[in-house]
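Me: I have a two-chain model open and want to go through its geometry. Shall we take it chain by chain?

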Amino acid sequence: MIAFNKYYNHFNLLSSVLIVVSLLLLIFKGLNFGIDFKGGTLIELRASDSKINVSSLRDRFNQMDLGDVSVKKFGNDTDFLVKFENKDNKKNIIEEIKANLDKSFGNNYDFRRVENVGPKVSAELLKSGVIAISLSLALMLIYIWIRFEWQFSLGAILALFHDVIVTLGVFSLFSLEINLSIIAAVLTIVGYSMNDTVVIFDRVRENLRKYSDIKIFELTNISINETLSRTIITSATTLLALLAIYFFGGEILKGFSLAMILGVVFGTYSSIYIANTVLVRLRVSQKTVLREDDQNKLN
Amino acid sequence: MLYFSKLRILFITLFSVLFILIASSNLFKFDDNFFDKKINLGLDLQGGSYLLLEIDNEPVIEQKLQNLTTTIRNYFKEKNIKINNIKIDNQHIFFNVTDNDKETVLDVFQDENSDLNPYYPRFKSHQLEIKDTGLNLKVNFSRQGLIKLKNSSQDQAIEIVRRRVDEVGTNEPNILKRGNNRILVELPGLDDPMRVKSLLGKTANLTFRFVTNDENDRFGVEKLKFENGLEEATVSKRIIISGENLLDAQPKMDTQANQTIVSFTLDRVGAKRFGKATSTGIGKQLAIVLDGKIISAPVVRDTIASGSGQISGGFTFQTATDLALLLRSGALPAPLEIIEERTVGPDLGQDSINAGMIALAIGFMLVIIFMFVKYKIFGLITNVTLIVNLFILLGVLTLFEATLTLPGIAGIILTVGMAVDANVLIFERIKEELKNETNNILAFDGGYTKSRTAILDANITTLLAAIILFFMGSGPVKGFAVTLGVGIFTTLFSVYFIARLFTSIYVSRNKNKEKLI
């Protein structure tokens with residue numbers, strides 16, 4: 001049996017630090033919102049001429065008076081991603097850019113993807129993204145509240161917030177782009193993290209009923225160990241699937257799969273080291289679950 | 001329950017085979033209609049354009065209020081009430097009446113069966129609201145009135161958009177209402193999205209009006225620019241004929257002048273008016289105005305009674321074709337703005353499909369190898385279940401002709417990774433039961449019953465996330481929610497029916513084996 005409980009305090013401290021640092025990053029550095037949430041134009045361009053590179057493209061685009069332009073390589077050497085604000089939401093901007101690029105590069109390039117999100121739509125998308133995440137957290141809260149005693153609910157929700165905040169903190173730290181698919185990833189993380197926590201909690205509750213003489217500090221450790229091989233196997237297969245997406249699924253899914261990978265890692269960690277420690281700190285005992293059982297009987 | 005009845009086994013087998021067949025219809029062509037279904041590829045996979053258009057209703061409201069001022073004036077004239085100082089400001093009509101008439105006017109507007117101010121009997125709310133500000137009376141559209149107005153201009157706009165898109169001839173466009181002032185246009189596999197964009201961006205309001213120097217024209221005048229943006233002309237507000245009078249418009253080559261023109265045919269009313277105007281207006285310039293800009297202003301040389309004519313204006317063949325198309329399909333009730341556009345080229349779509357399939361194959365292989373190494377015979381059972389699960393998932397998506405997107409493929413891969421969870425929970429539980437239980441069959445039973453709540457919890461939490469995503473997400477993300485959500489159900493089916501069947505066969509054949517897992 002691994003003594004996970006030996007490190008409860010250490011990892012609680014680490015998690016607190018992680019959450020504080022993440023929150024500071026989110027407040028002061030902020031998130032790198034993509035055009036989905038900030039508005040603007042994105043062009044994915046493939047070149048068939050080595051003359052076309054990041055600097056020559058940047059030169060061209062900077063001459064076009066488009067505001068802040070970012071040009072980046074996208075995957076391999078011939079693919080580029082160009083993003084700009086398109087502040088005035090000009091109508092025929094793509095045609096103008098094409099005409100302008102034709103002059104310098106002829107026909108040696110191709111627009112593979114064009115996305116243009118107006119300011120109104122981006123504000124709505126951001127709003128619905130925030131609503132979606134809040135709603136999912138609220139639903140999880142309600143679900144867990146129905147299923148477990150409040151001490152368990154608190155533990156699960158703290159673990160959930162930890163996972164979401166720290167994952168977003170990592171995105172802020174490395175200025176990774178937040179777009180629509182990241183919202184999908186965060187929601188899936190919420191589901192996954194909850195799932196992981198609930199499986200361990202299920203066992204804790206079962207053991208609480210079974211053993212009256214074991215303290216919760218020991219009991220959580222026993223429960224974690226009993227469910228450990230399931231935790232490892234499920235995390236491992238999920239991570240294997242996600243790594244396959246990350247490395248082979250193409251550039252578009254990179255951010256999405258990275259967020260999910262982070263979420264699965266944090267989610268697994270938090271089910272062990274946050275959710276359970278909350279139970280310990282709240283001194284959950286056999287009484288906690290039995291009281292509820294009695295109530296259920298009365299009803 | 002170790003025992004599976006023959007009927008149950010038959011049912012499970014038939015069900016699985018059915019979905020595998022449906023899934024394989026994506027690869028083969030079946031003659032039978034039931035099997036001839038395919039998963040739709042999202043725009044991000046097959047290439048195409050997604051356009052979100054917003055209707056700018058302000059001009060419509062202005063126009064309606066303008067018409068309303070005349071209606072109000074005439075209505076009260078019959079009742080011998082004089083309306084003074086009527087004007088429109090910021091979507092409100094203001095006017096004055098004498099204090100004696102005020103009550104009557106207010107009553108007319110607030111009467112439940114008012115013929116000036118309808119809707120009350122149907123919606124319990126009038127079309128217009130009236131308020132006595134003290135200085136004057138203020139009339140504006142009520143909430144209900146605005147909703148009706150927006151809905152009707154959306155209905156008209158969607159019809160025109162559909163006609164224009166159809167004229168361009170893209171395959172299977174998807175045109176849908178969004179809210180009460182937006183239209184969603186999905187154009188799969190379009191070569192030239194810019195052309196559609198420019199066609200949808202034009203209102204195509206065509207009018208024929210005389211150029212005049214008479215500042216005191218009875219209908220009022222306005223200064224309009226020519227298409228080239230350089231010259232200007234003063235044009236009467238009196239409309240001779242408008243786009244509504246056109247029956248047909250076609251691009252033509254005028255061999256005499258060696259230029260491309262648009263020839264048009266007028267309806268009966270239009271032909272009559274056009275004939276009359278051209279007979280009285282010989283020598284005058286007739287301006288052809290499209291969306292507030294003059295295309296050309298030829299001098300009338302002859303009476304045109306035939307009901308057909310032509311527009312010249314330095315067109316190329318392409319611009320003439322597009323103008324003819326716009327005129328044929330009719331004018332939009334209000335200008336449209338493209339507020340969101342996402343276009344994916346077909347080769348990027350194909351690349352995404354390939355990458356998604358490779359990731360799926362590799363992810364699948366990794367999981368299968370891992371499970372086999374870790375669990376041996378039970379791993380094998382899980383793997384067979386996983387394969388059947390994948391086919392059932394594809395089968396369900398095919399049956400409902402769901403739209404598969406790139407994030408949707410990611411959802412399938414993720415399902416593969418997470419689908420083992422339920423089996424693992426069960427097998428781990430059986431292992432634990434075996435520590436205290438020598439009877440393999442009892443341990444097997446215990447494993448299934450005692451893991452049930454955990455499995456249910458795990459899947460409900462994921463399902464909740466998927467449901468929210470489905471309702472809140474847009475386009476590609478929705479595809480992810482669909483595969484993730486459907487994946488949960490197929491996983492539960494395959495775990496509790498297929499995997500359990502195999503496990504029970506294995507356990508009953510090895511009742512007395514020492515080390516079961």
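Me: What radius of gyration does chain A have, against that of a compact globule of 299 residues?
Reply: Keep in mind that this is a predicted model. A compact globule of 299 residues would come out near 19 Å. The C-alpha trace of chain A spans about 80 × 35 × 30 Å along its principal axes. Its radius of gyration is 24 Å.

Me: How many helices and strands does chain A have, and what share of its residues is buried?
Reply: The secondary structure of chain A comes to 11 helices and six strands. Burial takes 20 or more other C-beta atoms within 10 Å. Of the 299 residues in chain A, the buried share is 47%.

Me: Among contacts in chain A between residues at least 6 apart in sequence, what share joins residues at least 24 apart?
Reply: Contact here is C-beta to C-beta, within 7 Å. Pairs in chain A must be at least 6 apart in sequence to enter the count. Those joining residues at least 24 apart make up 78%.

Me: Is A:Val278 buried or exposed?
Reply: A:Val278 sits in helix H10 of chain A, residues 254-281. The cut-off for burial is 20 or more other C-beta atoms within 10 Å. A:Val278 has 20 C-beta neighbours inside 10 Å, so it counts as buried.

Me: Which residues does A:Val278 touch, not counting those up to four places away in sequence?
Reply: A:Leu154 is 124 residues from A:Val278 along the chain, yet their C-alpha atoms are separated by 7.5 Å. A:Leu154 is one of the residues that A:Val278 touches. The full list is A:Gln151, A:Leu154, A:Gly155 and A:Leu158.

Me: How many residues does each chain bring to the contact between them, and which class has 30 residues on the side of chain A?
Reply: Chain A brings 57 residues and chain B brings 55. Elements giving two or more residues to the side of chain A include helix H5 (119-147), helix H7 (180-210) and strand E5 (109-117). That side has 15 polar and 12 charged residues. The class with 30 is nonpolar.

Me: Which residues touch the most other members of the largest nonpolar core?
Reply: This core has 202 residues. B:Leu469 is in contact with A:Ala132, A:Ala184 and A:Leu187, among others, leaving aside neighbours within four places in sequence. The residues touching the most other members are A:Ala156, A:Val186, A:Leu187, B:Ile413 and B:Leu469.

Me: Why is chain B called more spread out than a compact globule?
Reply: Chain B has 15 helices and 19 strands. The globule rule gives 24 Å for its 517 residues. Its C-alpha atoms fill a box of roughly 110 × 70 × 40 Å along the principal axes. Chain B is called more spread out because its radius of gyration is well over the rule, at 35 Å.

Me: What share of chain B is buried?
Reply: Among contacts in chain B between residues at least 6 apart in sequence, 67% join residues at least 24 apart. Burial is counted over the 517 residues of chain B. The buried share is 41%.

Me: At what angle do helix H6 and helix H9 of chain B pack?
Reply: Helix H6 covers residues 143-168 of chain B, and helix H9 covers residues 317-329. Their axes are 9 Å apart, and the crossing is right-handed. The contact residues divide into two nonpolar, one polar and four charged. The packing angle is about 140°.

Me: How far apart in space are B:Leu456 and B:Leu394?
Reply: B:Leu456 is found in helix H14 of chain B, residues 452-472. It has 15 other C-beta atoms within 10 Å, so it is partly exposed. B:Leu394 is 62 residues from it in sequence. C-alpha to C-alpha, the distance is 23 Å.

Me: What is the phi of B:Asn85, and what is that of B:Asn258?
Reply: Most residues other than glycine have a negative phi. B:Asn85 lies in strand E3 of chain B and is exposed, with 10 C-beta neighbours inside 10 Å. B:Asn258 lies in the loop between strand E13 and strand E14 of chain B, and counts as exposed with 7 such neighbours. Phi is positive at about 50° for B:Asn85 and about 55° for B:Asn258.

Notes. Residues numbered from 1 in each chain as written. Chains lettered and ligands numbered in written order. Predicted model: local features only at pLDDT ≥ 70, side-chain atom pairs only at ≥ 80, totals over all residues. Helix = DSSP H or I, 4+ residues; strand = E, 2+ residues; numbered from the N terminus. Rg over C-alpha atoms; globule rule 2.2 N^0.38 Å. Buried ≥ 20, exposed ≤ 12 C-beta atoms within 10 Å, placed from the backbone. Contact = placed C-beta atoms within 7 Å. Core = buried A, V, L, I, M, F, W, Y, C linked by C-beta atoms within 7 Å. Axes fitted to C-alpha atoms, helices over the stretch in contact; angles between N-to-C directions. Left-handed = near helix turned anticlockwise from the far one by under 90°. Nonpolar A, V, L, I, M, F, W, Y, C, P; charged D, E, K, R; others polar.
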